[in-house]
Amino acid sequence: MREGKTKIVEEFGDDVILRFKDDITAGDGAKHDVMENKGSICCEVTARMMKYLNENGIYTMFLEYLPPNKLHARKLTMIPLEVIVRFKKAGSFIRRYGGTDGEDLPSPLVEFTYKNDELHDPLMCVEHLEVLGITTRQVACEIIEEARRSAILLKKFFDQNGFELWDIKFEYGLDQNGRVCLGDEISPDTMRLRRSGQIFDKDVYRKDLGNPIEKYEVVLELCRNISL
Ligand code: 5GP
């Protein structure tokens, strides 16, 4: 069994069971709360988003949703990276490169950060990944293409439902045959999602803008258009 900040992973034969916890964290774990139903909401959103991606030709870990807060998933060897796809400028992009919140980028940008709270998730290029032995250039390039395709598919889904996907974070692993596979989570915790200037993602929590669960529930209702 492995326990992270928001999930518990248990071996299940050749597969795993992911249990989503009610914990919510920000600032590399510096801010932490427990919110009722948060785990089940993020789990169901992940299940439906991954099902949508599977149906559109993306290889994900998702096998089965086990209500309320568990997923049956492929066992992966996770690569310790956060893979961020940005359509608009926000958050750490603005802190690094300037610009204004919500400003369009001319094309979707894929960034890698090293998943390490102590180092505050430093930004990495493909050269870093190779030299530091995190992954090969070939796998990194495959991840860039997969992340871009997945983010564009999700953006299309949200566009059709009147929401703007500003950016999203993915995590990847290798399956037992060494194939790149989308893992972890796709939820309001891992994206910036806006509608008419309103925030429907973890920025509500990061910036103390009210009860994030009410916003997460709106996203869940939207995702229920995707059948399981
Ligand atoms: P930024 O780098 O601008 O802070 O975040 C870019 C996107 O990736 C946002 O949608 C944000 O929610 C997501 N993201 C970045 N780092 C993390 C992280 O450590 N945990 C989670 N859940 N999402 C992250």
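**Figure 1. Radius of gyration and extent of the protein chain.** In this predicted model, the radius of gyration of the protein chain is 17 Å, which agrees with the value near 17 Å for a compact globule of 228 residues. Along the principal axes, the C-alpha atoms fill a box of roughly 45 × 40 × 35 Å.

**Figure 2. Secondary structure and contacts of the protein chain.** The protein chain contains 15 strands and six helices. Counting contacts between residues at least 6 apart in sequence, 58% join residues at least 24 apart.

**Figure 3. Burial, surface and charge of the protein chain.** Buried residues make up 52% of the 228 in the protein chain. The accessible surface is about 10,800 Å², and carbon and sulfur atoms account for 48% of this area. The protein chain carries 33 positive and 40 negative charges, and the mean positions of these two sets are 2 Å apart.

**Figure 4. Helix α1, residues 38-55.** The end C-alpha atoms of α1 are 26 Å apart; this agrees with the expected span, because 18 residues at 1.5 Å a residue should give 26 Å. Helix α1 is mostly covered, with 16 of its 18 residues buried, that is, under 20% relative accessible area. In an α-helix there are 3.6 residues a turn, so residues three or four places apart point the same way.

**Figure 5. The residue Gly 57, just after α1.** Gly 57 follows just after α1 and takes a positive phi of about 85°.

Technical notes:
Residues are numbered from 1 along each chain as its sequence is written. This is a predicted model: local features need pLDDT of at least 70, side-chain atom pairs count only at pLDDT 80 or more; totals for chains, interfaces and linings use all residues. Side-chain values use heavy atoms; hydrogens and water are left out. Helices (H or I, at least four residues) and strands (E, at least two) are DSSP runs, numbered from the N terminus. The radius of gyration is taken over C-alpha atoms; the globule rule is 2.2 Å times the number of residues to the power 0.38. Buried means under 20% relative accessible area, exposed over 50%, partly exposed in between (1.4 Å probe, protein chains only). Contact means heavy atoms within 4.5 Å. Accessible areas come from the Shrake-Rupley method with a 1.4 Å probe; for residues, only the protein chains shown count as cover. Lys and Arg count as positive and Asp and Glu as negative; His and the chain ends are not counted. The place of a charge is taken as NZ of Lys, CZ of Arg, CG of Asp or CD of Glu. The expected span of a helix is 1.5 Å times one less than its number of residues.
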